[in-house]
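Reader: I have a model open and some bench questions about its helices, core and charged pairs. Can we go through them one at a time?

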Amino acid sequence: MAKPTAKERILDSYEEILIEQGPGGVTLDAVAAHAGVSKGGLLYHFGSKEALVEGLLERLATLSEADLEEARKAPEGVVSWYLRTAITDVTQRKALHRTTMATIRIMLNEPRVAEVVQVYNQKLHDLISEHVDDPLAAELIILVGDGLYLRAALGRDDASPLLDRIDEIKARIQRK
C-alpha cells in the first residue's frame, strides 16, 4: 500500500480530532501536529478550517460514490450488501465509516455537511428502491441498516452475530 500523502495525513488527522474531541478540539496547530506536518505545510494544502471542511466533504463524496458502486456490483445483491456493510463498515473500521463519524461530529455546526450527507442518503435510498418493489419495505430496509450501523458504531456486541442472519432479515422485511 502506498504511503499516504501529506494532504491525506492532514485529512486523516482532522477526522481523528473531530471524532475524538469534536469541533472544539480542532485548531490548525492541533491538526498539523497530529499529521506530523508544519502549520505552513497544512496551510499549503488547506488554507483555513473551512478548507479542511471542504476537503472532508470531498472525501465523503468520493467514498460515498465508491460505496454505491460497490453496492451495485455486489454479488449478493444491493439489499444484502447494504445490511451486511451496515455492520462490517464499522467493525472493519472502513474509511467511509471514519469519515462519516467525523462528519456527524460537525454536522450541527456546518449546515453544508448535512446537505452532502443528505445527497448520499438520497442516492442510497434510490438505489435500494430500485431493488425493492415495495416502497415501505425499502424504507424498512434502510431503517434496519441504520439501526445495525448504530449498534455497531456504539460497540454493541449484538450487531455482529446478525451478520449470519442477513438473508433471514432481508426475507422477513421483503415478505409479501
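Reader: Which residues of α1 are buried?

Author: This is a predicted model, so local features need pLDDT of at least 70, side-chain atom pairs count only at pLDDT 80 or more, and totals for chains, interfaces and linings use all residues. Residues are numbered from 1 along each chain as its sequence is written, and side-chain values use heavy atoms, with hydrogens and water left out. Helices are DSSP runs of H or I, at least four residues, numbered from the N terminus; buried means under 20% relative accessible area, exposed over 50%, partly exposed in between (1.4 Å probe, protein chains only). In α1, the buried residues are I10, L11, S13, Y14, E15, I17 and L18.

Reader: What covers the buried residues of α1?

Author: Contact here means heavy atoms within 4.5 Å. I10 touches V31, A35, V37, G41, L42, H45, F46 and L52, leaving aside residues up to four places away in sequence. For the buried residues of α1, the cover includes α2, α3 (39-45), α4 and α6.

Reader: Which helix gives the largest share of the largest nonpolar core?

Author: A nonpolar core is a set of buried Ala, Val, Leu, Ile, Met, Phe, Trp, Tyr and Cys residues joined through side-chain atoms within 4.5 Å. The largest one has 51 residues; I10, Y14, V31, Y82, L83, I128 and I141 touch the most other members. Several helices each supply at least two residues, among them α1 (6-21), α4 (49-73) and α9 (166-173). The largest share, 8 residues, comes from α5.

Reader: How many residues apart in sequence are the parts that D12 and R98 tie together?

Author: A salt bridge puts a side-chain nitrogen of Lys or Arg within 4 Å of a carboxyl oxygen of Asp or Glu. The D12 and R98 side chains meet in one, at 2.9 Å, N to O. D12 lies in helix α1 and R98 in helix α6, so the pair ties together parts separated in sequence by 86 residues.

Reader: Which residues are linked with D12 in a network of salt bridges?

Author: D12 is partly exposed, at 23% relative accessible area. R98 is also partly exposed, at 22%. Linked with D12 in the network are E15, E16, R59 and R98.

Reader: What separates E69 and R72 along helix α4?

Author: E69 forms a salt bridge with R72, with the closest N and O atoms 3.5 Å apart. The two sit 3 residues apart in helix α4, so their separation is about one helical turn.

Reader: Is D133 buried or exposed?

Author: D133 is found in the loop between α7 (111-131) and α8 (135-153). Its relative accessible area is 70%, so D133 is exposed.
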